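Biologist: I'd like a close look at a single part of this protein. Could you pick one loop, walk me through what sits in it, and then work outwards from there?

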Amino acid sequence: MEEKVEEEEEVRCLDLTSYQFHDLGEVEIPESIEELDLTANRLSKLDPRVALLSHLKKLSLRQNLYNDEGIKPLSRWDTISGLHLLVDFESFHCLPLSPVLDRSENIIDGCTLMDCLKHFTAVEHLESYHCSRCWHIAVIKHLSLKSEKDEQQA
C-alpha cells in the first residue's frame, strides 16, 4: 500500500484588507508570502515580523493610521530592495528613505521624502552641453513636478 504524503501548499498572498486590526499580534504571517495587503485597517506601527519576510514582493499599507514614527522601521529593512510598496504618502511629513546618495555619491542616512524631492528637483549647471541650434555651450537643467491639472492646461 502506497502512503500518500500531502504537501502543504505555500501561502503566496495574504489579504488582510478591512479587518480593522490595531496590530497584527494575533495574526499568523507565513514566511513564504510574496504579497501582503494590510489596506483599510487601524494599524499605527509596522509589525517587525514583516521585515523578516524574505520572499515579500508587494506590501500595501494604504488607509491605516501610520505616521512618521510608525513607519520609520521601514527605512532600516534589508528586504526593501525591489519591494512594491503601496502607501498613502500624504500621511507623512518626513518619511525616511534609505539609501539615498548625495551629489558626491555618499549615502545620506535617514533621508526623507522631502529631501529626495529637493535633491532631484535642484537646478544643475551643465558646462559640457552644446546647443545644436545656437552658440550656447552651457545650460541650466532642472526637473519640475506638475500636477494633472497643470498637465491638462498645457
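Modeller: Let's start with S54, which sits in the loop between β2 (35–37) and β3 (58–60). Keep in mind that what you're looking at is a predicted model. Is S54 buried or exposed? S54 comes out as exposed, because its relative accessible area is 55% and the cut-off for that label is over 50%. Go 21 residues along the chain from S54 and you get I33; the C-alpha atoms of the two are 8.6 Å apart.

Stay in the loop between β2 and β3 for a moment, since A40 lies there as well. A40 has a relative accessible area of 14% and is therefore buried, the limit being under 20%. So this one loop holds a buried residue, A40, as well as an exposed one, S54. A40 also has a backbone feature to look at: its phi is positive, about 60°, although A40 is not a glycine. Why point that out? Because most residues other than glycine have a negative phi.

Another case turns up in the loop between β1 and β2, where you'll find Q20. Phi of Q20 is near 60°, again a positive value in a residue that isn't glycine. Q20 is partly exposed, with 42% relative accessibility.

Back to the loop between β2 and β3, because K57 lies in it too. What does K57 pair with? The side chain of K57 meets that of E34 in a salt bridge, at 4.0 Å from N to O. E34 belongs to the loop between β1 and β2, so this pair ties together parts that are 23 residues apart in sequence. E34 itself is partly exposed, at 22% relative accessible area.

E34 has another partner, R12, and here the closest N and O atoms are 3.5 Å apart. R12 lies in the segment before β1 (13–15), while E34 is in the loop between β1 and β2, so this salt bridge links parts of the chain 22 residues apart. R12 is partly exposed, with a relative accessible area of 45%.

The structure holds three salt bridges. The one still to mention joins D47 and R49, with 3.0 Å between the closest N and O atoms. How do the shared partners play out? R12, E34 and K57 are joined into one network by salt bridges that have partners in common. As for burial, D47 counts as buried, at 13% relative accessibility, whereas R49 is partly exposed, at 30%.

D47 and R49 lead us on to G25, which is in the loop between β1 and β2. Leaving out neighbours within four places in sequence, G25 is in contact with D47 and R49. The C-alpha atoms of G25 and R49 are separated by 9.8 Å, and the two residues are 24 apart along the chain. G25 is exposed, with 53% relative accessible area.

Now for the nonpolar side of things. The largest nonpolar core has 22 residues, and the members that touch the most others are L36, L38, V50, L56, L59 and L61. Which residues does L59 touch, once those up to four places away in sequence are set aside? The list is L36, L38, V50, W77, L83, H84, L85 and L86. L36 falls within β2, and L59 falls within β3.

There's also an aromatic pair, and a search of the whole structure finds just the one. Y19 and F21 make up that pair, with their ring centres 5.4 Å apart and 10° between the planes, which counts as stacked.

Zooming out, the protein has three helices and 10 strands. Read along the sequence, they follow the pattern β-β-β-α-β-β-β-β-β-α-β-β-α. Of its 154 residues, 27% count as buried. The accessible surface comes to about 12000 Å², and carbon and sulfur atoms account for 50% of that. Finally, take the contacts between residues at least 6 apart in sequence: 28% of them join residues at least 24 apart.

Note on methods
Residues are numbered from 1 along each chain as its sequence is written. This is a predicted model: local features need pLDDT of at least 70, side-chain atom pairs count only at pLDDT 80 or more; totals for chains, interfaces and linings use all residues. Side-chain values use heavy atoms; hydrogens and water are left out. Rings of Phe, Tyr and Trp (its six-membered ring) pair if their centres lie within 6.5 Å; planes under 30 degrees apart count as stacked, over 60 as edge-to-face and the rest as tilted. Helices (H or I, at least four residues) and strands (E, at least two) are DSSP runs, numbered from the N terminus. Buried means under 20% relative accessible area, exposed over 50%, partly exposed in between (1.4 Å probe, protein chains only). Contact means heavy atoms within 4.5 Å. Accessible areas come from the Shrake-Rupley method with a 1.4 Å probe; for residues, only the protein chains shown count as cover. A nonpolar core is a set of buried Ala, Val, Leu, Ile, Met, Phe, Trp, Tyr and Cys residues joined through side-chain atoms within 4.5 Å.
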